[in-house]
Amino acid sequence: MRYLIWALRLIIFVLVLLFAVKNTAPIAVNLYGDVTLPSVPLVVVLLIAFIAGALYMYLLTLPTRYRQSREVSRLKSEVKHLQSDLTVVTNQQHAAQQSSYSSSPANVPSGYVAIKND
């Protein structure tokens, strides 16, 4: 699986590289008002637009990631608490079983019937 992911990354990199090589023509970028950037390579404009979009999408996912990480932390602490409760209950059951074994009469073979002589 790791090799498949690296192969996919390599293919994407080659495609982006080929796209960049084909789009090196200079263009004029008109910003707000009368501000103009003359002769900027098209690939630079596309790369900046892509990075801006990726950054925007990453920032949109931050609140959800933060909420999910807090939920995971809360659930992990709840699991630890429940495991400690389970350990306590299990120890109490073992102690109760040990006390019931010690308070019962001596081990009597099965099928033994005690006869009382008067």
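Helices (H or I, at least four residues) and strands (E, at least two) are DSSP runs, numbered from the N terminus. This is a predicted model, in which local features need pLDDT of at least 70, side-chain atom pairs count only at pLDDT 80 or more, and totals for chains, interfaces and linings use all residues. Residues are numbered from 1 along each chain as its sequence is written, and side-chain values use heavy atoms, leaving out hydrogens and water.

**Exercise 1.** Find how many helices and strands the protein chain has, and their order.

*Solution.* Start by counting: the protein chain holds two helices and two strands. Then read along the sequence, and the pattern α-β-β-α appears.

**Exercise 2.** Decide whether Phe 13 is buried or exposed.

*Solution.* First, locate Phe 13: helix H1 contains this residue. Next, recall the cut-offs: buried means under 20% relative accessible area, exposed over 50%, partly exposed in between (1.4 Å probe, protein chains only). Phe 13 counts as exposed because its relative accessibility is 53%. Finally, look at the whole chain: of its 118 residues, 3% count as buried.

**Exercise 3.** Work out which helices supply at least two residues each to the lining of the largest pocket, and which gives the most.

*Solution.* A pocket is found on a 1 Å grid over the protein atoms alone, as an open set of points where a 1.4 Å probe fits, with protein on both sides within 12 Å along at least five of seven lines; lining residues have an atom within 4 Å of a point. List the lining: Val 16, Phe 19, Ala 20, Val 43, Leu 46, Leu 47 and Phe 50. Now match to helices: H1 (2–22) and H2 (42–103) each supply at least two. H2 gives the most, with four residues.
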